[in-house]
Amino acid sequence: MTIAEVSKKYDISADTLRYYERIGIIPPVPRNKSGIRDYDKASCGWIELMKCLRGAGVQIEALIEYVALFAQGDETAQARKEILVEQRARLVAKMQDMQATIERLDKKIANYDRCLTRERQLLQGEDAK
């Protein structure tokens, strides 16, 4: 696939795809005889993974380290797993913080609902007079 096709498929700009490759978030993309990027299934798999992880807020540094370890081979499997486990723990903690924030907002919204309901009832009572 061309960079334009991949960009459209994954809703990522071509500049971002080039940037991800340049800094090591995705491994080097195969190129055709003319030197143009020719994204294969493996390249697309890396893009899907990195888009997912970046969307979840995983740090670029962790992703660069993960890809660098992957390039070193199977002997780095444990280190790669540890990176993913650590990032997962961070995401779980972030989700818990977000859930606590949602619960607090729900309480505030409910409080406003009660206040606004009382205000409407008072206004309706005055209209009846």
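**Close-up 1. What packs over the buried residues of helix 2 in this predicted model.** Helix 1 (3-10) and helix 3 (41-55) are among the parts that cover the buried residues of helix 2. Helix 2 itself runs over residues 14-23, and its buried residues are Leu-17, Tyr-20 and Glu-21. Why do these sit on the same side of helix 2? Because they cover an arc of only 95 degrees around the axis. Here's the general idea: an α-helix has 3.6 residues a turn, so residues three or four places apart point the same way.

**Close-up 2. The other face of helix 2, and what comes just after it.** Turn away from the buried side of helix 2 and you meet the exposed residues Asp-15 and Arg-22. Just past the end of helix 2 comes Gly-24, with a positive phi of about 95 degrees.

**Close-up 3. The largest nonpolar core.** This core has 22 residues. Val-6, Leu-17, Ile-26, Tyr-39, Ile-47 and Met-50 have the most contacts inside it. Which helices each supply at least two of its residues? Helix 1, helix 2, helix 3 and helix 4 do. Now pick out Ile-26: leaving aside residues up to four places away in sequence, it touches Leu-17, Tyr-20 and Glu-21, along with Trp-46, Ile-47, Met-50 and Val-67. Leu-17, Tyr-20 and Glu-21 should ring a bell, as they are the buried residues of helix 2.

**Close-up 4. Thr-76, in a loop between two helices.** Look for Thr-76 in the loop that links helix 4 (60-72) and helix 5 (77-128). Is Thr-76 buried or exposed? Its relative accessible area is 7%, so it counts as buried. Skipping residues up to four places away in sequence, Thr-76 touches Leu-69 and Phe-70.

**Close-up 5. Two cysteines, Cys-44 and Cys-52, in no disulfide.** How many disulfides does a search of the whole structure find? Zero. For Cys-44, the nearest cysteine sulfur is that of Cys-52, and it is 15 Å away. A disulfide would need the two sulfur atoms within 2.5 Å, so this pair doesn't make the cut. Their surroundings are worth a look too: Cys-44 is buried, with a relative accessible area of 6%, while Cys-52 is exposed at 51%.

**Close-up 6. Gly-125, a residue of helix 5.** Gly-125 is partly exposed, with a relative accessible area of 36%. Try finding Ala-14 as well: the two residues are 111 residues apart along the chain, and 62 Å separates their C-alpha atoms.

Conventions. Residues are numbered from 1 along each chain as its sequence is written. This is a predicted model: local features need pLDDT of at least 70, side-chain atom pairs count only at pLDDT 80 or more; totals for chains, interfaces and linings use all residues. Side-chain values use heavy atoms; hydrogens and water are left out. Buried means under 20% relative accessible area, exposed over 50%, partly exposed in between (1.4 Å probe, protein chains only). Helices (H or I, at least four residues) and strands (E, at least two) are DSSP runs, numbered from the N terminus. The arc is that of the directions from the helix axis to the C-beta atoms. Contact means heavy atoms within 4.5 Å. A nonpolar core is a set of buried Ala, Val, Leu, Ile, Met, Phe, Trp, Tyr and Cys residues joined through side-chain atoms within 4.5 Å.
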